[in-house]
Amino acid sequence: VAAGIPLAALAAHLPSGMPLVRAMPNTPCLVGEGATGFCLGLHAGERDAEVASALFGAVGLVERVPEASMDAVTAVSGSGPAYVFAFLEALYAAAEALGLDEGLARRLVDQTVVGAARLVRESGEHPATLRQRVTSPGGTTAAALDVLMGPDGLNELMAKAIDAATRRSKELAS
């Protein structure tokens, strides 16, 4: 469990033939809602994959991926909680700037984010579909989304952020 450290680098420091599993869990594992991507080394087999799946499955979702995807897994789900935390911080600050007290702002924002995530998970619908359903033409949500989704908006920022994290993960390999 280390960002950017490829299996070959780990294997170079261990006895030949050692089965290795490279994994990237995230901090929501602390509350049983984690997401872990893992890949197998050259000498690891299906039994090793089963052990890794059972271990990380005890604290959330587990996905087996090719090693070439591990830098992206690191950028998306390993670092992803920090992006959500930053989003929460921004929502708290905006709510407080509008006059809501800190406790109320946190309760409303936290439940909104938990509820939205649960709706995505349980409905099976794409977030774009759910977003469109809550966005009335010319309404308050549309006004806010015009800012968030405009040029150099959220999509572009997230793409740049994920790319930066992916590049950094690859740099850590050296």
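This passage looks at a buried helix, a helix pair and one loop residue in a predicted model. Residues are numbered from 1 along each chain as its sequence is written. Local features need pLDDT of at least 70, side-chain atom pairs count only at pLDDT 80 or more, totals for chains, interfaces and linings use all residues, and side-chain values use heavy atoms, with hydrogens and water left out.

Helix α3 spans residues 70-78 (helices being DSSP runs of H or I, at least four residues, and strands runs of E, at least two, numbered from the N terminus). Its buried residues are M70, D71, V73, T74, A75 and S77; buried here means under 20% relative accessible area, exposed over 50%, and partly exposed in between, with a 1.4 Å probe and protein chains only. The cover over these α3 residues includes strands β1 (21-24) and β2 (34-40), plus helices α4 (80-97) and α8 (154-172).

Helix α4 also packs on α5 (residues 102-123), at an angle of about 135° and with the axes 9 Å apart. Axes are lines fitted to C-alpha atoms, for helices over the stretch in contact, and angles run from 0 to 180 degrees between N-to-C directions. On the α4 side, the contact (heavy atoms within 4.5 Å) is made by F87, L88, L91, Y92, A95 and E96. On the α5 side sit E102, A105, R106, V109, D110 and V113.

Turning to the loop between α7 (140-148) and α8, D152 lies there. Its phi is near 55°, a positive value in a residue other than glycine. D152 counts as exposed because its relative accessibility is 59%.
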